[in-house]
Amino acid sequence: MPEDFIPVKRSQFSLFKSFALFYFSKENEPLLYKKEGEQLKASRIKEEQFPDLFIRTADRENASIALYKTMNAHLSETIFSKGLVSTRQALSTLVQEALEGPLNISSKMLPETLEVLFQGYNKNKTLMKSLAKLSSSSDQLVEHTVNILSLTMQFCMFHHYTETKAKTLGVSAIQHDIGCTQLPPEMNNTKAQLSDSQFKAFQTHAVKGYRIITDSNCFKPEIAMVALQHHEKLDGSGYPKGSVDISEEAQLIGLITSYEPLTYRGTSRHEDPQKPFDSLQILKNEVIAGKYSKHMFVNFCSCLTR
């Protein structure tokens with residue numbers, strides 16, 4: 001495929017109304033499939049009666065902005081009229097685009113996504129807690145990220161964080177594991193215990209994520225620090241640096257990152273998901289051991305139990 005074209009996900013075909021779509025002939029020649037401004041027929045989309053489609057590389061930035069606007073509008077619609085399952089799926093689609101799409105566009109559009117969630121929370125105070133309890137068909141990295149985002153927003157809203165601070169933490173939650181996109185997919189989609197060499201490779205995602213975010217020059221420094229430090233522990237037993245000087249944002253995301261797999265997916269040590277109380281008991285022992293902030297832990301417990 002020539003570098004002048006980028007593949008479009010089949011699930012997003014209907015969202016590219018304003019952009020020309022192309023397919024490739026058997027001779028690998030790009031051919032126009034849909035003109036700008038035309039809409040694909042709903043029946044054709046439903047029955048998947050189309051070839052692999054592409055947009056021009058030159059259209060990527062504008063297409064990504066349009067895509068975010070459409071997805072944010074769809075998220076708002078699902079929150080207010082279509083129920084939790086549809087909302088969870090819409091949020092998963094947005095998170096996947098944030099992990100895979102252009103970072104300069106994500107930095108501009110994700111605050112709008114979080115604004116939609118604030119509005120949804122104002123209508124339904126249990127929205128974020130309920131979203132975290134739902135599963136979806138997304139891959140494990142997307143599933144994990146949506147859960148972290150939901151729990152982080154639940155924490156921020158319960159403790160009445162300012163909108164600016166909550167949005168920073170929300171974007172941090174979405175981008176904290178972006179370094180995992182540079183790891184083999186099978187490493188992200190397993191609950192099995194990794195070998196020593198695999199775990200060493202997995203640990204590199206923190207530095208990779210930090211570099212991806214800082215190199216983009218699109219996000220606040222504290223968001224990059226969350227990507228770097230969310231696996232650090234206050235007793236120095238974490239990675240990648242064994243640092244004990246951990247930002248407040250990274251401490252919160254790190255605590256939630258430990259709680260999430262215990263409660264919703266299971267881990268290599270605890271194969272089956274734990275009840276929330278049991279997950280908190282496991283983390284309480286980590287707090288006593290000096291790995292997490294007692295104050296942060298108490299505040300996190302309060303947003304889950306009240």
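## Terms and model

A residue is called buried at under 20% relative accessible area, exposed at over 50%, and partly exposed in between, with a 1.4 Å probe and protein chains only. By that scale N28 is partly exposed, because its relative accessible area is 40%.

This is a predicted model, in which local features need pLDDT of at least 70, side-chain atom pairs count only at pLDDT 80 or more, and totals for chains, interfaces and linings use all residues. Residues are numbered from 1 along each chain as its sequence is written, and side-chain values use heavy atoms, with hydrogens and water left out. Helices (H or I, at least four residues) and strands (E, at least two) are DSSP runs, numbered from the N terminus.

## The β2–β3 hairpin

Strand β2 (residues 21–24) pairs with β3 in the antiparallel sense over four bridges; two strands pair if DSSP finds at least two bridges between them. In this pairing L21 is opposite K34 of β3.

The two strands, β2 and β3, make a hairpin with five residues between them. N28 is in the loop between β2 and β3. Its phi is near 65 degrees, which is positive in a residue other than glycine. Most residues other than glycine have a negative phi, and most peptide bonds are trans.

## Helix α2 and its contact with α4

Helix α2 covers residues 60–81, and its 22 residues should span 32 Å at 1.5 Å a residue; the end C-alpha atoms are 31 Å apart, which agrees. The expected span is 1.5 Å times one less than the number of residues in the helix. The buried residues of α2 are A63, S64, L67, Y68, M71, N72, L75, T78 and I79. An α-helix has 3.6 residues a turn, so residues three or four places apart point the same way. Just after α2, G83 has a positive phi of about 90 degrees.

Helices α2 and α4 pack at an angle of about 10 degrees, and their axes are 10 Å apart. This makes α2 roughly parallel to α4. The contact of α2 with α4 is made up of ten nonpolar, eight polar and five charged residues. For these values, axes are lines fitted to C-alpha atoms, for helices over the stretch in contact, and angles run from 0 to 180 degrees between N-to-C directions. Angles under 35 degrees count as roughly parallel, over 145 as roughly antiparallel, 65 to 115 as roughly perpendicular and the rest as oblique. Ala, Val, Leu, Ile, Met, Phe, Trp, Tyr, Cys and Pro count as nonpolar, Asp, Glu, Lys and Arg as charged, and the others, Gly among them, as polar.

## Salt bridges

The structure has seven salt bridges, each defined as a side-chain nitrogen of Lys or Arg within 4 Å of a carboxyl oxygen of Asp or Glu. One of them joins the side chains of E36 and R56, at 3.0 Å from N to O. E36 is in the loop between β3 (30–34) and α1 (42–46) and R56 is in strand β4 (residues 54–56), so this pair ties together parts 20 residues apart in sequence. R56 also forms a salt bridge with D59, with the closest N and O atoms 3.0 Å apart. E36, R56 and D59 are thus linked in a network of salt bridges. Within this network E36 is exposed, with a relative accessible area of 51%, R56 is partly exposed at 28%, and D59 counts as buried at 13%.

Another salt bridge brings together the side chains of K167 and E115, at 3.3 Å from N to O. This pair links distant parts of the chain, with K167 in helix α7 (residues 163–175) and E115 in helix α4 (residues 103–123), 52 residues apart. E115 is partly exposed, with a relative accessible area of 26%.

## Loops and backbone details

H160 is in the loop between α6 (140–158) and α7. Although H160 is not a glycine, its phi is positive, at about 55 degrees. H160 counts as exposed, at 70% relative accessibility.

Y239 and P240 are joined by a cis peptide bond, with omega of about 15 degrees. P240 is in the loop between α11 (221–229) and α12 (248–264). Another loop, between α9 (196–203) and α10 (205–216), contains T204. T204 is partly exposed, with a relative accessible area of 32%. Its C-alpha atom is separated by 23 Å from that of S107, 97 residues away along the chain.
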